[in-house]
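Welcome, and thank you for opening the viewer. Let us take a short walk together, one selection at a time.

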Amino acid sequence: MGQALVSAAQWTSAQGGSGGKLELTPLNEELLNAILRFVEGFSQKYPDEGKLVFKRPLTWETTLSANSFSGFKEENGVLVSEEKKDDIPLFKLQTQTISIMTMELAEMVLRTAGDKKITELRLCLEANRDPVVNMLGERFGTVQGDDNSILRYVEEIRKEMEQLGKAEQGENEKQQQELKEKNMVLSVRLKLIGLDQQLLNQSIMKISTQVRLTPKMVESEMTTLKGLSGEDGEKCVLEHIRYHGESFVYKNGCRAQPWRQLHGDICYIEAKPHDGSSLYITANTSGCFINKGPDPERPGQLLYDRTDQDTYRDLVTLLKAKSPKFAQIISKQEFALHEKPKDDRHVEVAAADEEDGQGTARSEQQGHSQKDKGADDKDKQNKQGEKKKKLEPSLKWQVLGVDDESKEEEEEKQQKQKPRPKRRSSSLRKQKTPVEPADSFSESSTESEEEEEAVERRAEANADLPSEYWQIQKLVKYLKGGNQTATIIALCSLRDFNLAQETCQLAIRDVGGLEVLINLLDTNEVKCKIGALKILKEISRNTQIRRSIADLGGLQTMVKILRDPDKDLKCLAAETIANVAKFRRARRTVRQHGGIKRLVSLLDCVPLNSTNMTAEMELDVEVARCGALALWSCSKSKKNKEAMQRAGAIPLLAKLLKSPHEDMLIPVVGTLQECASEPSYRLAIRTEGMIEDLVGNLKCTSPDKPANPELQMHCASAIFKCAEEKETRDLVRQYGGLDPLVGLLNNMENKELLAAATGAIWKCAISPENVARFQELKCIELLVALLTNQPEEVLVNVVGALGELAKAQQNRTQIRKSGGIPHLVNLLTGTNQALLVNVTKAVGQCAEEPDNMVIIDKLDGVRLLWSLLKNQNPDVQASAAWAICPCIENAKDAGEMVRSFVGGLELIVSLLKSEDKEVLAAVSAAIANIAKDEENLAVITDHGVVPMLARLTLTHDDKLRQHLAEAIARCCNWGNNRTAFGKEGAVAPLVRYLKSKDENVHRSTARALFQLSKNPENCITMHEAGVVQPLLKMVGAPDADLQESSAGCIGNIRRLALANERAKYA
Amino acid sequence: MSVFKKKFVNPHKLEKKIVTLSKESKLKRETVKQLMYYFQTITKKYGGKMPRTQFRQEMTSRFNLMDDFMLDNLYRCFDLKNRGSLTMEEYLRGMGGFLSDDMEIITKLSFTVYDLNGDGYITREEMMQWLKTSLTRQSHEDDSDEGVKELIDIIIKKLDCLDHDNRVSLKDFRAAVAEDDLLLESLSSCLPPTENKKAFFLMISGDLKYTLSPSGPSAPVRFDAPVRK
């Protein structure tokens, strides 16, 4: 019975040693009764064992007086028995202390006690928490886990018997005696174990009838019942069943309003059985009962009071009792329906428990209802023992200020509620056990089996969970329910797991560890905070964990910690923020809670290069490093970049950039390169002199230590972004940055580094001075070598760089010589838009060289370019059109080639409808080139190029104007196109182009006007538009081409005037 | 000053003492001197000795250390001769370790505190003493006992990291702490929290001279260290 007493009996909380008392609960009552029955029949059934003398007496404070015993002699006020063992009387009663040494005597005492025997037994058990030890000796003490004392004992007896058999008979009488005694002990022990098991079974049955309702159970029952409800009086159990009142479901699963949840209400249900009116049911944690239904005075409100004292275990039981029809139908479908909710229930009890266990005080409602449950619990004198404790509010040893208040509240509630639960529990007992004892017995037994099954099934289902999961669960339990010391131990131990492993990360989340860890950050215990952050830092590498941390409000707390005086703490918080702020919502949260400002302030540390750093100073530097790490993550959002700038991050970053340590430099440069997408940062980076440092970090600083590729990568990409500006490009060259950039091209393995380096080369090559240096460094060959077998990120930049470099004639030749053209043409078939833009540019640049053009033509490059005009992306369209221009210019038989593209001319004309100015300009330029060929000009005229060009003339964009005028000039050379342009009203706008400041516009406009002026109508229009004055000025322009066309145009106008005059006088 | 002179007759000898103490604890000489003044002030009414109760009160109010069991054991480490009150030297030596920033010194101190019987090993039984109250009691009674045992298993695995002999020697402890300094207070918090320590130093350095008017110890001690919220 040891096990039963230890595990099943419910002791009052003053445990440890002899202080504990058996509580007055029905469960204990049953246990005592069972033990009593066992003892009372003992000596009759087993007379021999009854006489077995205990190892030590069972002693307790009795309520019996000496004169109620007879048959013992009295010695100095002490009542003792005749029989003795080792000089200790088997029975002794001294004042109120009684001690006995056999079962027989125990039975006798109980008999003497009469109706007080239960009290007596209780006193005895309370004084002897493990009576087996007293009776049979220490070796049979109750232990948790495997108890093989019996086996060992049997073994021992067997051995002795063997020995006895071998030895001679006469000598061993004493041994034989001993053996006999041992056999006796064994038999008593076996009987006690039998009792023990019986007791345990009984208590399990008892406990399982008292399972409380949880929102989940109610819900599953509701779902099942809803499914079985309907109009059909034969098949459906109910007419309808639904939730009453608001449909809002609180986080804890309850539907009742929070103030009702305080009373344990889960939800209200309206059920309409086939016989009778609607039932209004309250589902309470203690069970279901009928309430008084809707309030007639306040519509939509319920009268919450119960109508009668009956509380039912679940909905089905209640409905069965209230509606005979329901009971009848349900009994027909007993198996289908009745089993199911029950089965669900058990699994769900476990699940719900787990969930509640996870719950933190975050949700106020939940907290309230839990507290309430906790209060209820105490009143019910912990009847549910183990099951319930998880529903209690977290007994965290350190909660913030609110704690005291809430405790008071809780106490108040407790007092208010006291009368109710008592009544409830008595009604419970009334209803359950006595009404139909047989039924309840059978039911509970099946239930208990089911429970075991459910547990097993769970174990099976979880069999594939790694062992770490359970260990972590245990540790998190200590985190939840331990004081500071236990918390620290659990934290240290958690860190022994491989926190980089996803299973461990998710296990911590799944067992509710994240909530606890984040809650720990809100305490004032520096050590715990450090321990918790160390774990959070590791596990926040997991994306799911990041989101959970953000959801649980961890970022806000960590931002708060950034102001903590403890530097270690600051570091860890910043590092964790760096991990968490990898997605947009988190970054926003950091900003909104003032995190950016605090992070920037972390950057402010001592001068980095001082020779003698104290530990304190080094810690400061570490803080700055972590701050930079966090800012790096945060700087991926535009608004954060702005916030950082406002907080004065740039000068601080500039200072940190001078650091000699890679650890520091990587986050700093990383932040800078993220921010360099903003023009304001680019300006600041240049003016704060950071280019020099960036270039410096690109180089190998010392010969013995190779430069860190990650650092180089960030530096290169910072330069990549900053080199949009000419001044920056010049600075890069001046600081000797081009050489290391080209040097990095040899690094074929690290693709990121390669992408960054080629990007930087691309942008730097925009300046002709840089191109010259790149030539010297033989950059072209290296880049061409990178055109194959590279990822697209690299290719985009390589091709971009080639496109820029190919602006120099020498380089174009070089590209051809190193065999780059076939690769480039090949890339025209790709799909990456950015790549296509660059490739078309590069091919276009290469096509400037007639020798290159031969190759491109041979590879059918022009056709590929042409087909790119169909691309959806206007950038691609434009750059393809631009590339087509030099191709047509430099190809042999260009006209023939263009005609060979079926539908090509129609396509390009149709692009004049585009919205994009760049596309229009490029297409105009291409049309100007196409129109050089008369046949093609005829075709495009047929496709209606004239009105389309004329419509575009109203533009103010100089680039478009230039190419448009050029196209118009060329298109005039066919049929009556000149007249057509005049009719379409293209002439007058063209005249206005002459007011533009761009000389290129002037040149092409003059050319167009010259062509148009060959038509007299156009001359008149031009003259009216005031063309003569500006043209006269342009005749004096330095540009010969412009001079010529202007003069030609004026000549045409003048000739017309002369002809008119001549006609007049003729 | 008078008490001071009575105690150490020779000022030169006193100076030497301060030097040794400051060397031992790696605290500044100035701080040791200040501690000395402080001790004198607060123990005037006890005749220059600090009784156990006062020690506990000091620790609780200045450093927010509340655990009685721990304080008893901390006191044991101060009162080496077990006389029930601390002399100035004992106090200075003890506080030297207690307030030190030196990892080795505080590691040793917390080890000594934890080693209840002083045999050089922290055994399971001793851990039991330390940890038995660490888990909030759960309604199910033997749970917490079981829990504490498991907790001990965990911590012994962490601390007994060198020879794995199921008990923790100073060497083990030192190695474990070097690995993870959170373990320094893994059985109980027996060291001053940084903030309180700072406040204490400030108090004994700056304001002390004011408050210690020669009129006597009755002058209100206004060392109000910020207590943790």
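Start with the whole of chain A on screen: 53% of its 1066 residues count as buried. Keep in mind as you look around that this is a predicted model. Switch to a cartoon view, and you will be looking at 60 helices and 11 strands in chain A.

Now turn on a surface. Chain A exposes about 48400 Å², and 50% of that area comes from carbon and sulfur atoms. Contacts tell you about the fold as well: among those in chain A with a separation of 6 or more, 70% are between residues 24 or more positions apart.

**Stop one: charged pairs**

Side chains of opposite charge can pair when their charged atoms come close. Over all chains, the structure holds 56 salt bridges. We will visit some of them.

**Stop two: a bridge between two helices**

Select A:Lys959 and A:Glu918, and show their side chains. They meet in a salt bridge, with 3.0 Å from N to O. Which parts of the chain does this pair tie together? A:Lys959 sits in helix 54 (residues 958-971) of chain A and A:Glu918 in helix 51 (residues 917-930) of chain A, so the bridge joins parts that are 41 residues apart in sequence. Both ends can be checked against the surface: A:Lys959 is partly exposed at 36% relative accessible area, and A:Glu918 is partly exposed too, at 32%.

**Stop three: a bridge within helix 54**

Stay in helix 54 and select A:Asp958 together with A:Arg961. How far apart are the closest N and O atoms of this salt bridge? They are 3.6 Å apart. The two residues, A:Asp958 and A:Arg961, are three residues apart in helix 54 of chain A, so about one helical turn separates them. Is A:Arg961 buried or exposed? With a relative accessible area of 9%, A:Arg961 is buried, whereas A:Asp958, at 26%, counts as partly exposed.

**Stop four: a buried glutamate**

Next, select A:Lys807 and A:Glu804. These two form a salt bridge, and their closest N and O atoms are 2.9 Å apart. The glutamate, A:Glu804, counts as buried at 14% relative accessibility, because buried means under 20%.

**Last stop: a network**

Finish by selecting four residues at once. Which residues are linked here in a network of salt bridges? They are A:Lys537, A:Glu575, A:Glu622 and A:Arg625. Show their side chains as sticks and take your time turning the view.

How values were computed
Residues are numbered from 1 along each chain as its sequence is written. Chains are lettered from A and ligands numbered from 1 in the order in which they are written. This is a predicted model: local features need pLDDT of at least 70, side-chain atom pairs count only at pLDDT 80 or more; totals for chains, interfaces and linings use all residues. Side-chain values use heavy atoms; hydrogens and water are left out. Buried means under 20% relative accessible area, exposed over 50%, partly exposed in between (1.4 Å probe, protein chains only). Helices (H or I, at least four residues) and strands (E, at least two) are DSSP runs, numbered from the N terminus. Contact means heavy atoms within 4.5 Å. Accessible areas come from the Shrake-Rupley method with a 1.4 Å probe; for residues, only the protein chains shown count as cover.
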